[in-house]
Amino acid sequence: MGYLDGMSVAVTGAGRGIGRAVAMECARLGAGVVVADYGVAMDGKDPDSDVANAVVEEIKGEGGNAVAVADTVTTMAGGARIVQTAVDTFGRVDGVVCVAGILRERMLFNMSEDEWDPVIETHLKGTFTVFRAAAPIFREQKSGTMIGFTSGAYAGSVAQANYSAAKGGIVSLCRSAAVGMYKYGVTANCIAPVAKSRMSGQVPMELQMGEPEDVAPMVAWLVGPAARNVTGQVYLVNGGHIGVYNQPEEVRGMDKDGRWTMDEISARFEEVGQERMGMIDRLDAMAQAAASGTKPNA
Ligand SMILES: NC(=O)c1ccc[n+]([C@@H]2O[C@H](COP(=O)([O-])OP(=O)(O)OC[C@H]3O[C@@H](n4cnc5c(N)ncnc54)[C@H](O)[C@@H]3O)[C@@H](O)[C@H]2O)c1
């Protein structure tokens, strides 16, 4: 028996990189898989349906069960078609894994609407369209798994404010899905992967990076029966490392009866103070490395 026997999983961005590895792993474990990929260049342009079809052929070549949807995740119709294809082909849908993504890097002070909108649409809306299509089905069947793909960059990014904002949105979307679908037995989690792919080739520093195939088993495990009570989490997966992020919450405060005046805040600000932002420290290291012509370690 395979861990995902009898189940069906729709994976977006499954034509390349991490999504492809997830689709292949789920198929090897017995799931019927929707390979959803628009087959675009890294900036989201020039769609090509061969990309999704090729992975379906690979899965079938290994004896697995898969169907392609070469549609975009950025429309409600696209999201609905991806989920409906799972139902029509395999008779059910048990997991939706939203991996599709693009990059349009630019410093905030130069970023155009044309660099902002497609990145938010592909990552954040493209997760919503698929979650939204799956949610009523999961609610009805009282089971299902939603998995979003975020990034360490959700905590901040120098030259990818669009990508970082989209990835932060995905974390909040998954957390909201986790609480909103909790009483229906539906789980929602995020993966923050680090893996060699055409996208990670853009990272401007030396990062220890695993392979897309290292990320896939964690995703498959979350989709399957052993993880039914795991929800609202963000898991970092890089090579042989799996980590879990903390939950956002207040760490300290200061109080008085009634409203603070500005002078009072000024006098007592250090009581609440600020939390260290590790990325600011990294910027100093990067500036030093740039000055000496090397790449800093992450
Ligand atoms: N590779 C890493 O180290 C890394 C790090 C952090 C986060 N991520 C995230 O993991 C995910 C996968 O990244 P990857 O490195 O495998 O990237 P990739 O570029 O290799 O694959 C992304 C796939 O998404 C597809 N896609 C893009 N827009 C689409 C759309 N509108 N509709 C359907 N499909 C679309 C592309 O055609 C492509 O096949 C992304 O969400 C990325 O942001 C990756």
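## Helix α6

The expected span of a helix is 1.5 Å times one less than its number of residues. In this predicted model, α6 has 12 residues and should therefore span 16 Å. Its end C-alpha atoms lie 17 Å apart, in agreement with that expectation.

An α-helix has 3.6 residues a turn, so residues three or four places apart point the same way. The buried residues of α6 are Pro212, Val215, Ala216, Met218, Val219, Ala220, Leu222 and Val223. Two of these, Val215 and Val219, are in contact with Phe149.

## Nonpolar cores

In soluble globular proteins, nonpolar side chains tend to be buried together. The largest nonpolar core of this model contains 37 residues. Within this core, the residues with the most contacts are Val11, Val33, Val35, Val97, Phe149 and Ile191. Two or more residues are contributed by each of the strands β1 (8-12), β2 (32-36), β5 (144-149) and β7 (234-238), and by each of the helices α1 (17-28), α2 (50-61) and α6 (212-223). A second core, separate from this one, has 33 residues, among them Val67, Ala133, Val171 and Val186.

Phe149 illustrates the contacts made by a residue of the largest core. Leaving aside residues up to four places away in sequence, Phe149 touches Ile18, Val97, Cys98, Val99, Lys167, Ile170, Ile191, Pro193, Val215 and Val219. Val97 and Ile191 are themselves listed with Phe149 among the residues with the most contacts inside the core.

## Strand β1 and its partners

In a regular strand the side chains alternate between the two faces of the sheet. In β1, five of the five residues are buried. Ser8, Ala10 and Thr12 lie on one side, Val9 and Val11 lie on the other, and both faces are covered.

β1 runs parallel to β2, and five bridges join the two strands. Val9 has Val33 as its bridge partner in β2, and Ala10 is partnered there by Val34. The connection from β1 to β2 passes through α1, and this β-α-β crossover is right-handed. β1 also pairs in the parallel sense with β4 (residues 95-98), over four bridges. In that pairing, Val9 stands opposite Gly95.

## Strand β2 and its partners

Five of the five residues of β2 are buried, so the strand is largely enclosed by the rest of the structure. Gly32, Val34 and Ala36 point one way, whereas Val33 and Val35 point the other way.

Strand β3 (residues 65-69) runs parallel to β2 and is joined to it by five bridges. Gly32 of β2 stands opposite Asn65 of β3. From β2 the chain crosses through α2 to β3, and this β-α-β crossover is also described as right-handed.

## Cysteines

The count of disulfides in the model is zero. The cut-off applied is a pair of cysteine sulfur atoms within 2.5 Å. For Cys26, the nearest cysteine sulfur is that of Cys98, 13 Å away, and Cys26 is in no disulfide. Cys26 is buried, with a relative accessible area of 0%.

Cys190 is likewise in no disulfide, and its nearest cysteine sulfur, that of Cys174, is 3.4 Å away. Cys190 counts as buried, at 1% relative accessibility.

How values were computed
Residues numbered from 1 in each chain as written. Predicted model: local features only at pLDDT ≥ 70, side-chain atom pairs only at ≥ 80, totals over all residues. Heavy atoms only, no water. Core = buried A, V, L, I, M, F, W, Y, C linked by side-chain atoms within 4.5 Å. Buried < 20%, exposed > 50% of the residue type's maximum accessible area, 1.4 Å probe, protein only. Contact = heavy atoms within 4.5 Å. Pairing = 2+ DSSP bridges. Right-handed = clockwise from strand over helix to strand, strands pointing away.
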